[in-house]
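Good morning, and thank you for making time for this presentation. I would ask you to keep the structure in view while I speak.

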Amino acid sequence: MLKNYFIVAFRQFSKQKMYSFIKIGGFALSIAACMLITLYIRDELSYDKSYPDGNRIFRVIEDYNDNGKIESGADWPAPMAKAMKADFPEVEKSGRLMPHELFYCAGSNEVRRSDEVQNTYEEGFSFADQEMLDILKIPMVYGDRSKALAEPKSMVISKRIADKYFAHENPMGKILVLNNDKTREYKIGGVMQGFPSNSHIHYDFLLSLTDYQLWNDEQTNWMASNYYTYVMLKPGVNVQQLQDKMRLILTKYYLPIMRASGDVEADKLLQNAKFELQPVRDIHLKSYDIEDDLRHGDIRFIWLFGAIACFILIIACINFINLATAKSSNRAKEVGLRKVVGSLRVSLIQQFLTESVLLSAFSFLLGLLIAWISLPYFNAMAAKSLYIPWSQWWIYPILAGSTLIVGILAGLYPSFYLSAFKPISVLKGQVSRGARNSVLRNGLVIFQFATSIILIISTFIIYSQTKYILNKKVGYDKDHVILIQGTNTLGDEATNFKNELSKLPQIKDVTISDFLPISGTKRNGNTFWKSGKTREESGIFAQSWTVDEDYIKTLGIKLVEGRNFSSQIKSDSLAVIINQTMAKKMNLNNPVGKKITNRWADFTIVGVIEDFNFQSLHDQIGSMCFHLGVSNSIISARIKAGDVNNTIASITSVWKKFSPSQPIRYTFLDESFARMHEDVSRMGKIFSSFATLSIIIACLGLFALSAFMAEQRTKEIGIRKVLGATVSGITTMLSKDFLKLVFISIAIASPIAWWAMNKWLQDFAYRITISWEIFLYAGMLVLLVAMITISFQSIKAALMNPVKNLRAE
């Protein structure tokens, strides 16, 4: 019986080559898209699953309710980890990571062996407690994990780094020098296997925190937060109860210090702050609203991409259902005759489901091929390294099961629909020829195009927002600024290097500072008060950046009040320049000459700069405070427009005089700004790809339906032509019903797309206004594509010779 089902199925495929091609092609494209999205989602969901005791590992975070706005952060003071272990018996181990670029040697460094002179730029440095190795149970290649970071100035490196610097050697006890600094010679205490790519912790160098402090008494200071704190709980601990108990941290450590200093925020902190333990497996996808410096995903996008995959697959299934029901009359006599000779309805259902599953199987094979071919492009677009796990046994049962499920679901309704025909009605010719005005079929077409239109409108809005971000005036001039990196290895010669650069005719201005308005550079936050008001007023949190006297001019920031810094004025060592937002938040109407404090020192405001976007455009402009000093890992130079290659060659020539053993590294400020927002442009590319795919699949179905409808009305068209109907009139007649469905789709999709994208735009402090033109352009595009699709068959039918059509009559 099964063999007979297959024979009949193949006969049907060969008789209806075009319709079979459209069914298989649409299915294959949708399966390829689903496969790629599934690989993406699987990778995102796999983060931080490799730790042996992952279900007991948590990151400590704080939520603060600031007048209804929840602000969450992951940075804690140095003694927090020890307090967690000492005060809560539920905590088995606690440890810290400190990867912030602000602090010397964290983030990135120039690295060399102690017996070599050539420096190599490396990223992925973080300070870490010995306890972090124990909490994460990191596999070791060399060394004892239990004491690999126990010694001061020791480091653990990944196997990749060990192979790079100590090929075919045991690196234990060897020395790596950071930034040509003899005081930063680190002895290798262990080699770890390396963090997997699907870990939110991704460092190649872990630097020991043993006997380390950022400044005197920093390790006991509760008022400076710079460390991520992790805990491993004992088995069976009730996490919620522990979170409630953690308020002890406030009352035991924070509040006594704040009240002793007269801080008016003490009581507010007690009322509005709460502690949470974030499971390590949630950090990657559920930290989009937590302030940290880590790269992570967003669970909302996982749901979104999952929905897109489902909708694309549904669109392809709709093609199958529509074509199967539309061509019902072609199978009606077959059904009638088979029932007359004794076939049961269940046998007919099995026959039609067999055809559906076979189509699904062919589609899966083709879809897998398309996914495999498209994977490099998708990886580049999504910034991933995804692969199809052919070597894993579980993929084959999943593919087989998916083939069966998709085939059955797509074929279920057509099977029951076709097998329900009554033989008497069929043989009397009383079966409708394709149910020209099927409400279900029209509804499914509307769903297809509405889904496609939502994706198209979303793509237009994402691209508009991306363009807006990249072209918005951000308060500084990001064009023609070259950033020379790794200049901290020059030591005291950095200033001389700057002076030599300024002599080049192609250079306009030069500044030394690694605090820049792009990601990956230093950040430092302090709380400021008006001098003498620390016991009376709430402080204002502001970024506190170290810059030199040429910073404002080089970056093209506008000074609106007062003056710039001057190295000739000694008192400028305690001078600051603030932005307009900070002046407003501190209620300083005439700020120049006023004094402010951060509790460590009093500063005199000598100038006010115009607000500029120093963070991503996701964020509002915050308070900013410049102070004079040297932070020298980056030197920025504004170059003249013209021959950029010649300018770079001149800069390189000067660099080689100062650092012959270190290759020059540079980038451009505008490129770094664009990279800071590449997540938006990446999302736009993904949406445009899937929007294109969905409209192609929908149009394949529309093409087949229009061809079938033209076929069904062949004799009607012949009669109309004999009676004088024009080609344009017949084309309009055949097209208008489909175009009505597209118009309805636009009407349904537009408000849904507006709602969804308006919600997405809320994540940006600076965003476009969604204009009606976007919906107009999207509607016109879909109408144009639909008209081209329909018109091909309509015009073909209208041009046919009526004599041929009516010969049988």
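A term is needed before I begin: a helix is here a DSSP run of H or I with at least four residues, and helices are numbered from the N terminus. Please also bear in mind that this is a predicted model.

Let me begin at the surface. Leu366, Leu369, Trp372, Ile373, Trp390 and Tyr396 make up a nonpolar patch there, and together they have about 630 Å² of accessible area. Which helix gives the most to the nonpolar patch? That is helix α11, residues 345–382, with four residues. One residue of the patch is Leu369, which is located in helix α11. Its relative accessibility is 44%, so Leu369 counts as partly exposed.

I turn next to helix α3, which covers residues 80–87 and has Met80, Ala81, Ala83, Met84 and Asp87 as buried residues. Why do the buried residues of α3 line one face of the helix? Viewed down the axis of α3, they fall within an arc of 165 degrees, and therefore they line one face. As a general point, an α-helix has 3.6 residues a turn, so residues three or four places apart point the same way. On the face of α3 turned away from the buried side we find the exposed residues Lys82 and Ala86. The cover over the buried residues of α3 includes strands β1 (57–66), β3 (75–77), β4 (91–98), β12 (225–233) and β13 (273–279), together with helix α7 (248–260).

Now to the aromatic residues. How many aromatic pairs does a search of the whole structure find? The search finds 22. In one of them, the ring centres of Phe127 and Tyr212 are 4.5 Å apart and the planes stand at 20 degrees, so this pair is stacked. Phe127 belongs to strand β6 (residues 120–128), while Tyr212 sits in the loop between β11 (205–208) and β12, so the pair ties together parts that are 85 residues apart in sequence. Both Phe127 and Tyr212 are buried.

A further pair is formed by Phe311 and Phe447: the ring centres are 5.8 Å apart and the planes are at 55 degrees, so the pair is tilted. This pair, too, links distant parts of the chain, with Phe311 in helix α9 (residues 299–326) and Phe447 in helix α14 (residues 439–471), 136 residues apart. Phe311 has 36% relative accessibility and so counts as partly exposed; Phe447, with a relative accessible area of 30%, is partly exposed as well. In addition, ring pairs link Tyr476, Phe515, Trp545, Tyr551, Phe612, Phe614 and Phe626 into a cluster.

Let me turn to backbone geometry. Most residues other than glycine have a negative phi. Cys105, however, has a positive phi near 85 degrees. Cys105 is placed in the loop between β4 and β5 (107–113), and at 2% relative accessibility it counts as buried. Lys137 also has a positive phi, near 50 degrees, and lies in the loop between α4 (130–136) and β7 (140–142). Is Lys137 buried or partly exposed? With 28% relative accessibility, Lys137 counts as partly exposed.

My final residue is Asn632, in the loop between β23 (624–628) and β24 (634–639). Its relative accessibility is 18%, and the cut-off for buried is under 20%, so Asn632 counts as buried. Leaving aside residues up to four places away in sequence, Asn632 touches Thr487, Asn488, Gly491, Ala494, Ile512 and Asp514.

I would now welcome your questions.

Notes. Residues numbered from 1 in each chain as written. Predicted model: local features only at pLDDT ≥ 70, side-chain atom pairs only at ≥ 80, totals over all residues. Heavy atoms only, no water. Buried < 20%, exposed > 50% of the residue type's maximum accessible area, 1.4 Å probe, protein only. Helix = DSSP H or I, 4+ residues; strand = E, 2+ residues; numbered from the N terminus. Arc of directions from axis to C-beta. Contact = heavy atoms within 4.5 Å. Patch = residues over 30% accessible without salt bridge, like charges linked within 9 Å, V, L, I, M, F, W, Y side chains within 5 Å. Areas by Shrake-Rupley, 256 points an atom, 1.4 Å probe, with all protein chains shown as cover. Salt bridge = Lys/Arg side-chain N within 4 Å of Asp/Glu carboxyl O. Phe/Tyr/Trp six-rings, centres within 6.5 Å; stacked < 30°, edge-to-face > 60°.
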